[in-house]
Amino acid sequence: ACSGCTPSCPPAAAARLARQGIALPVHWLTAPARGLASRLTGLAVAILIYVIILTYGVRITIGVGEEKASRVVEVLLTTLRPVQLLAGKVIGMGILAVAQIAVLVATYLVLGYAAGSRAVRGASTGVVLAAGMWLILGYAFYCTAYAAAGSLITRQAGAYNASLPLQIPLILAYVLAFTVLYAPSVNWFYHLLAFVPFTAPVAMPVLVAVGAAPAWQQGLSAVITIAATVAIARLAGSIYGRAILRTGSRLRLRQVLRSAW
């Protein structure tokens, strides 16, 4: 019997096998919900959101602490309310951040298209749009809290210690993003992080990049984050107003909150 298409196989036997047909097992490969280009875009936006929020958040904390230490804030508060001063600092720094990001992204796109970069031409538009929305929401949520943290310190050296508790959730979502982007499926824990305001700015764009976040989940997470931003802005304004003029030893958050009651 002929065992295959070898030189010893008679032509007649080969023809007979060809007429009868040979059933070969077929194993289908399941394609991922999103391709490599979308996942690489998700990785890029996760890094960008993480770096921007962290960088400008710490800058705001340092700036508020510097104004407090130099007593410049006492002069400013003669004409402005604490909440107005807080909002102006966050919005002003946010405009600067958006302008810098716009210049950076525009330069990257122009040079990428001019050089024919596959990374630029293959970028997922949906992921980029989701990242833009979450960058704004994440900045608004975090930077008001960073400003409140700055009002608790008495010198610039304490800015990083004061802002550390705010950085931990963001770092968690950022580190886990690498495993999610290259995993065949997304675990429930990362889905949960996408609905927590402290981790959603990084987690939700990553889920969009891997095709694991339908539109209703994105909308629900955005609504939760907006509501949390309003609440954290009110709390931050209260902390800022009570702590910004206090000097001496470093204030504890519990001290400031207790004085409100």
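How many aromatic pairs does the count come to? Hold that thought for a moment while we get our bearings.

What you have above is a predicted model. The protein has 11 helices and 0 strands, so read from the N terminus on, the elements are simply one α after another. Of the 261 residues in the protein, 40% are buried. Take the contacts between residues at least 6 apart in sequence: 76% of them join residues at least 24 apart.

**Aromatic rings**

Back to the opening question: the count comes to 7 aromatic pairs. One of them joins Phe 141 and Tyr 142, with 5.5 Å centre to centre and 85° between the planes, which is edge-to-face. Both Phe 141 and Tyr 142 are buried. Another edge-to-face pair is Tyr 174 with Phe 178, at 5.3 Å centre to centre and 85° between the planes.

Where do Tyr 174 and Phe 178 lie? Both are in helix α7, 4 residues apart, or about one turn of the helix. As a reminder, an α-helix has 3.6 residues a turn, so residues three or four places apart point the same way. The two rings fall into separate burial classes, though. Tyr 174 has a relative accessible area of 18%, which is under the 20% cut-off, so Tyr 174 counts as buried. Phe 178 comes in at 33% relative accessibility and therefore counts as partly exposed.

Phe 141 and Tyr 142 also belong to a cluster: together with Tyr 146 and Phe 198, they form one aromatic cluster. Elsewhere, a charge meets a ring: Arg 59 lies over the face of Tyr 56, at 5.0 Å from the ring centre.

**Helix α9 and what covers it**

Is helix α9 mostly covered or mostly open? Mostly covered: 10 of its 10 residues (200-209) are buried. The run starts at Ala 200 and Pro 201 and includes Met 204 and Pro 205, with Val 208 and Ala 209 also among the buried residues. The cover includes α2 (36-70), α6 (125-151), α7 (159-181), α8 (188-193) and α10 (215-243). Just after α9, Gly 211 takes a positive phi of about 75°.

**Two helix packings**

Here are the geometries of two helix pairs.

| Helix pair | Angle | Axis separation |
|---|---|---|
| α6 and α9 | about 170° | 9 Å |
| α2 and α7 | roughly 180° | within 10 Å |

Start with the α6 and α9 pair, packed at an angle of about 170°. That angle makes α6 roughly antiparallel to α9. On the α6 side, the contact is made by Gly 126, Val 127, Ala 130, Ala 131, Trp 134 and Gly 138, and on the α9 side by Ala 200, Pro 201, Met 204, Pro 205, Val 208 and Ala 209. By class, this contact has 10 nonpolar residues, 2 polar and no charged.

Now for α2 and α7, whose axes cross at roughly 180°. These helices are therefore roughly antiparallel to each other. From α2, the residues in the contact include Arg 39, Leu 43, Tyr 50, Ile 53 and Ile 62, while those from α7 include Tyr 160, Gln 167, Leu 170, Tyr 174 and Phe 178. So the edge-to-face pair met above, Tyr 174 and Phe 178, takes part in this contact. Sorted by class, the contact of α2 with α7 has 16 nonpolar, 4 polar and 1 charged residues.

**Two buried residues to look up**

Lys 68 sits in helix α2. Is Lys 68 buried or exposed? Lys 68 is buried, since its relative accessible area is 3%. Lys 68 and Ile 153 are 85 residues apart in sequence, yet their C-alpha atoms are 8.3 Å apart in space.

Val 90 is in helix α4 (residues 82-115). With a relative accessible area of 8%, Val 90 is buried too. Which residues is Val 90 in contact with, leaving aside its neighbours within four places in sequence? These are Ile 60, Tyr 139, Cys 143, Thr 144 and Ala 147. Gly 57 is 33 residues from Val 90 in sequence and 9.0 Å from it in space, C-alpha to C-alpha.

Definitions and conventions. Residues numbered from 1 in each chain as written. Predicted model: local features only at pLDDT ≥ 70, side-chain atom pairs only at ≥ 80, totals over all residues. Heavy atoms only, no water. Buried < 20%, exposed > 50% of the residue type's maximum accessible area, 1.4 Å probe, protein only. Contact = heavy atoms within 4.5 Å. Phe/Tyr/Trp six-rings, centres within 6.5 Å; stacked < 30°, edge-to-face > 60°. Lys NZ or Arg CZ within 6 Å of the ring centre and 35° of its normal. Axes fitted to C-alpha atoms, helices over the stretch in contact; angles between N-to-C directions. Parallel < 35°, antiparallel > 145°, perpendicular 65-115°, else oblique. Nonpolar A, V, L, I, M, F, W, Y, C, P; charged D, E, K, R; others polar.
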